[in-house]
Amino acid sequence: MSNVQAGHDAHAVLPPGAVDRWRERWQEAQRDTTWFEGNRLRDEQRRQVLPEISGLAKRFLDRNLGISEFRETFDRKTRNEWDLFGLKGLSGAMFLNKLVKHLSDQDELTRELQTALTVPVDENAARLQIDDLTGYLYRKIEEGSAALADLQPKRAPFLLSAIWHMQQPDRWPIIYRSARKALMSDGVLGNRVAGGSGYLEFARVFAALADGVGIPFWNFEHLCSRVESAAGNAADDGRGPGDDGDEGFQGERVWLVAPGRRASEFDRFYDEGIVAIGWESLGDLSNYVDREAIRLALQEKYGGNTSRNNDALACYQFAHEMQVGDVVFAKRGRNKIIGYGLVASAYRHEPGRRQFTHVRSVEWKKRDEWEPRERSLVMKTLTEIGKYPGLVADIRRALGLLDDFSDDDADIPEILPPYRIDDAADDLFLSREQIEEAHELLQYKKNLVLQGPPGVGKTFIAKRLAYLLVGERDPMRVSQVQFHQSYSYEDFVQGYRPIDDGKFALADGPFLRFCDQALQDQESPYVLLIDEINRGNLSKIFGELLLLIEADKRSATWATTLSYAKEGDEPFYVPNNLHIIGTMNTADRSLALVDYALRRRFSFFDIEPAFEHGGFVRKLTALGAEAELRNRIVERFKLLNERISDDQNLGAGFRVGHSYFCHANAQRADDTWYQRIIRTEIRPLLQEYWFDNASRVDDEVASLSGDD
């Protein structure tokens, strides 16, 4: 049955030339053989799970399954086997979870959902079912049964269209964000698509174009995702809710994986048609709801002082983000690519395997040995390298795959909000001249320390300076660690970590991993933030790399062998595009002297309390502080800081910063809020300053707290 025969009239909704444009796009897409093959694999998997999803919906609609079991099964399955339609996200399983959680009358909710999820008999019924469920949710919000944030009615069209699609895939398209945005940008769909009428407008245009081009819904869905990405919206594709609360379809990603140490498992993986990762003691990764749950489990099972962020990310991405049809490159060491294939299954846990129990099927296409570039590849076990278009292009070129990929795709950047000097001036209580000076120092010296009293916002400022250097709010190019007295080279650079069998394995620390990331993208600046940099023993933490962080030593000429390097490992150097910003609290009594090595390798920039800065006063106003309270804070802390500066046992480095008053959360900034800060935050600080003079503390607190 064609899409038009299913109930849509192409000629009634499309402007002239629209079908020809989309037909040309489809012909171009077909020439990208890897894209086309990846979608074919994904659609084969979809055909296998489609009857299971529609069967679950039918049992619920036929009243053979309660809402709790329906919700639980839908949530569990969409995390793994059914993760081929974007159903696990904020508008799918998570939306259904919220409805069941926040609406106490489960019988009423069941009736509403059973009516809404039943396949509509015609377009008018579809519009009414969406609007009726949305109206029901708004009524429950008005009655006080739940908050808007709990129910989010605008997400309803995605879930309804998805369940209808599972039952009649040739009639009802899913209102993916990527498809909606692609049609909007092409001018065939209006800019406001909401409610039942909005879904019908989307469905008519979608079906008409698919029929006009002569391709099934799924192929047109993939084409929309490709077109929307090429338009510069790749960051939106499949990453979260749209402005109407729907999900985007997840398109192809490119993964670089290490099949065991020095690729020891690749032959077995190739023969079995799989790719797999370790961390066996975690058990089934689908049981972890998010990356943080995996990270906490890793810390508990393996111990140590490291955050386990990268290991947790690898496990989470392998189980939850990798998609059927994604490209996989297998690597050996830090220079060789030894295999290329396409992901062919959902994640599965195979506890019967002695090692590498986390598994996905792969259709391996090529195996050999290629060296795509002179500089090293990323070191992590699993990395999504689509964000490094230059690296992907080098690998494709080395493997002779350029004909299999769209040349245009390799140049598509991820679109992030720019961050310029005006943005920093709006965010920070610093003058424009101060921001420019700090920015210039960071560019010149590569290494900068922000030093100042407690509470002046050093870490906040450091992150904004990092964004300013990077040019956008890119969390992938800004990383953060914190030093402390027991922090070591093994924690920061490289060292041995315990593994399951009681033995130890060599593992890279955050500094080496971040340097490796910067090496893959040398045209872009990267910034490492080191909080409390003066609390660590710099010589102990950096070791032989202390020399290499100097601005004029950032090249392969200065590469050195790491302390834990094995025979044959490449010498290491700090890339020129990596910058370091440290923060240092000048009121720390343990810092009688700062390591001269730190002084010589870093520029130092003073951060002052900003009680009199216009931005701070505007912040207090935004938090709800009245004029009298604003004046009291500014004047009394100005006088307090003058007395601290004049104290020969303290000095300017012990002044009190303004950031104590920059967070009101849900409470209005009033006298109660102010007095609590004085009592629970400022008084303990002053007690530390004047630990031998309790009456002085009482006098200063009284001066701050009094109404006069």
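1. Starting with a local oddity: Gln152 is partly exposed, at a relative accessible area of 24%. Bear in mind that this is a predicted model. Gln152 sits in the loop that links α8 (148-151) to α9 (156-167), and its phi comes out near 50°, a positive value in a residue other than glycine. That's worth a look, given that most residues other than glycine have a negative phi.

2. Lys446 does something similar, with phi near 75°, again positive in a residue other than glycine. You'll find Lys446 in the loop between α18 (432-445) and β8. Is Lys446 buried or exposed? Its relative accessible area is 12% and the cut-off for buried is under 20%, so Lys446 counts as buried.

3. Now the whole chain. The secondary structure adds up to 27 helices and 14 strands. Of the 708 residues, 56% are buried. Take the contacts between residues at least 6 apart in sequence: 71% of them join residues at least 24 apart.

4. Which residues touch the most other members of the largest nonpolar core? They are Phe85, Leu183, Phe329, Phe492 and Phe511, in a core of 125 residues. Helix α11 (residues 195-213) gives the most to this core, with 11 residues. There is also a second, separate core, this one of 33 residues, and Phe429, Ala610, Val634 and Tyr689 are among them. As background, nonpolar side chains in soluble globular proteins tend to be buried together.

5. Phe329 is a good residue to centre your viewer on. Leaving aside residues up to four places away in sequence, Phe329 touches Val254, Trp255, Leu256 and Val257, then Ile337, Gly339 and Tyr340, and finally Ile385, Ile395, Leu399 and Leu401.

6. Back to α11 for its geometry. This helix has 19 residues and reaches 27 Å from first C-alpha to last, close to the 27 Å expected at 1.5 Å a residue. Just after α11 comes Gly214, with a positive phi of about 90°.

7. On to the aromatics: how many aromatic pairs does a search of the whole structure find? The search gives 38. One of them is Tyr496 with Tyr564, an edge-to-face pair at 5.6 Å centre to centre and 70° between the planes. Tyr496 lies in strand β10 (residues 494-498) and Tyr564 in the loop between α22 (538-542) and β13 (578-585), so the pair ties together parts that are 68 residues apart in sequence. Tyr496 is partly exposed, with a relative accessible area of 38%, and Tyr564 is also partly exposed, at 24%.

8. Stay in that area for Gln494, which belongs to strand β10 too. Gln494 is buried, with a relative accessible area of 8%. Its contacts, not counting residues up to four places away in sequence, are Tyr489, Leu506, Ala507, Asp508, Gly509, Leu512, Leu562, Tyr564 and Ala565. Tyr564, the ring partner of Tyr496, is therefore in contact with a β10 residue here as well. The C-alpha atoms of Gln494 and Ala565 are separated by 9.1 Å, although the two residues are 71 apart along the chain.

9. There is an aromatic cluster to check as well: Trp22, Trp164, Trp172, Tyr199, Phe202, Phe206, Phe217 and Phe220 form it together. Trp22 also has a charge over its ring, since the charged end of Arg25 sits there, 4.6 Å from the ring centre. Arg226 makes a similar arrangement with Trp35, its charged end over the ring at 5.0 Å from the centre.

10. Next, a strand pair. Strand β8 (residues 447-452) and β14 run parallel and are joined by four bridges. Leu448 stands opposite Ser603 in β14. Which residues of β14 (residues 603-606) are on its covered face? Ser603 and Phe605 are, while Phe604 and Asp606 make up the uncovered one. In a regular strand, side chains alternate between the two faces of the sheet.

11. Last, a buried glutamine in a helix. Gln45 is located in α3 (residues 33-61) and is buried, with a relative accessible area of 16%. Outside the residues up to four places away in sequence, Gln45 touches Leu84, Val324, Ala344, Ser345 and Ala346.

Key: Residues are numbered from 1 along each chain as its sequence is written. This is a predicted model: local features need pLDDT of at least 70, side-chain atom pairs count only at pLDDT 80 or more; totals for chains, interfaces and linings use all residues. Side-chain values use heavy atoms; hydrogens and water are left out. A nonpolar core is a set of buried Ala, Val, Leu, Ile, Met, Phe, Trp, Tyr and Cys residues joined through side-chain atoms within 4.5 Å. Buried means under 20% relative accessible area, exposed over 50%, partly exposed in between (1.4 Å probe, protein chains only). Helices (H or I, at least four residues) and strands (E, at least two) are DSSP runs, numbered from the N terminus. Contact means heavy atoms within 4.5 Å. The expected span of a helix is 1.5 Å times one less than its number of residues. Rings of Phe, Tyr and Trp (its six-membered ring) pair if their centres lie within 6.5 Å; planes under 30 degrees apart count as stacked, over 60 as edge-to-face and the rest as tilted. A charge sits over a ring if NZ of Lys or CZ of Arg is within 6 Å of the ring centre and within 35 degrees of the ring normal. Two strands pair if DSSP finds at least two bridges between them.
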